[in-house]
Amino acid sequence: MIQPLAYIHPQARIADNVVIEPFVTIHKDVEIGEGTWVGSNSVIMDGARIGKNCRIFPGAVVSAPPQDLKYKGEPSTVTIGDNTVIRECVTLNRGTALDKNTTTIGSNCLLMAYVHVAHDCVVGDNVIIANGVQLAGHINVYDYAFIGGTSAVHQFVEIGAHSMISGGSLVRKDVPPYTKAGREPLSYIGINSVGLRRRGFSAQTINEIQEIYRIIFLKKYNVTKALDIIEAEFNPTVERDEIINFVQNSQRGIMKGFGAV
């Protein structure tokens, strides 16, 4: 159902059962999947690739050109997976040719009001980004991460799967998977045990993750020594290897341990 007061470019590719409310503007190079709802006063710009059963609330701007002085107008995209909710006044900028050429939001995500996702970010599946969070360019947010309201994330930061960042945080360093992060400067404050239990992780796995992070963050080892101890003392598991790979490949360095200066 398309309201007569909406503007839809005739070449936009819109599935038959999409609902488009009054005063929506949809540009030429746009694809919107079945069952999606687009609220009034939203703007869907060139390069938007929106999946099925999404909900885009009033005032959102999807696939605007990146706020990057190196961007020269090259074609690029924003891709949104299925069942994702984009709340009021969210802004999603498309990618640049100097990096991924796309910005990606996964499936089953919730981006609350006034979130900004800059160019070339990758947001995984089942991610929740609370009100007013600002993501700079080139950020990776992995599956099931939660970012608390009004947090600001520095460009090129990596936020690991199943991690949780407290509201109002300044995220300048990488946040490893399964952790909780808070305080200023951003520090390790435990593992996201409640979230892990809700997602079916066993008590044994949760305890092992906790022991691994005690070595990394609480034992006062440097990172290299901590990883050597973890590899020697813990049998390989998906979670152990994910933690090791994340820390080893961190380009910005990981956040501080509790009580670190």
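Start by selecting Cys89, which is partly exposed, with a relative accessible area of 28%. Keep in mind as you click around that this is a predicted model. Now add the cysteine sulfur closest to the one in Cys89: it belongs to Cys54, and the gap is 18 Å, too far for a bond. Hop over to Cys54 itself. Is Cys54 buried or exposed? At 1% relative accessibility, Cys54 is buried. The cysteine sulfur nearest to Cys54 is the one in Cys109, 9.4 Å off, and Cys54 takes part in no disulfide. If you were planning to draw S–S bonds, a search of the whole structure turns up zero disulfides.

Next, switch to cartoon view and colour the strands. Pick out β1, β4, β7, β10, β13, β16, β19, β22 and β25, in that order: these nine strands make an open sheet with parallel pairing. The edges are β1 (7–8) and β25 (170–171), each of which pairs on one side only. For a look at one of the pairings, zoom in on β4 (residues 25–26) and β7 (residues 43–44), which are parallel and share two bridges. Select Thr25 and you'll find its bridge partner in β7, Val43.

Now for another open sheet, this one of eight strands: β2, β5, β8, β11, β14, β17, β20 and β23, in that order and paired in parallel. Here the edge strands are β2 (13–14) and β23 (158–159), with pairing on one side only for each. Inside this sheet, go to β8 (residues 48–50), which is joined to β11 by three bridges in the parallel sense. Show Ala48 as sticks, and opposite it in β11 is Val78.

Step back to Gly47, in the loop between β7 and β8. With a relative accessibility of 0%, Gly47 counts as buried. What does Gly47 touch, apart from neighbours within four places in sequence? Its contacts are Asp29, Ser63, Ser76, Thr77 and Val78. For a sense of scale, draw a distance from the C-alpha of Gly47 to that of Ser169: 122 residues along the chain correspond to 31 Å in space.

Your next selection is Glu74, located in the loop between β10 (61–64) and β11 (77–80). This is a buried residue without a salt bridge, and the nearest oppositely charged side chain, that of Lys72, is 8.1 Å away. So where do the polar atoms of the Glu74 side chain find company? Turn on the backbone and look at two nitrogens: one in Lys72, 3.1 Å from a polar atom of the Glu74 side chain, and one in Ala97, which that side chain reaches at 2.9 Å. Leaving out residues up to four places away in sequence, Glu74 touches Thr96, Ala97 and Asn101.

Finish with strands β24, β26 and β27. Strand β24 (residues 164–165) pairs with β26 (residues 179–182) in parallel, through two bridges. On its other pairing, β26 runs antiparallel to β27 (residues 187–191), with three bridges between them. Ala181 is a handy residue to centre on: Ile165 stands opposite it in β26's pairing with β24, while Tyr188 is its bridge partner in β27. Last stop is the hairpin of β26 and β27, where four residues lie between the strands. Click on Arg183 there and check the backbone torsions: its phi is positive, near 70°.

Technical notes: Residues numbered from 1 in each chain as written. Predicted model: local features only at pLDDT ≥ 70, side-chain atom pairs only at ≥ 80, totals over all residues. Heavy atoms only, no water. Pairing = 2+ DSSP bridges. Buried < 20%, exposed > 50% of the residue type's maximum accessible area, 1.4 Å probe, protein only. Lys, Arg positive; Asp, Glu negative; His and termini not counted. Salt bridge = Lys/Arg side-chain N within 4 Å of Asp/Glu carboxyl O. Polar contact = N/O pair within 3.5 Å; in protein donor to acceptor, adjacent residues only side chain to side chain. Contact = heavy atoms within 4.5 Å. Disulfide = S-S within 2.5 Å.
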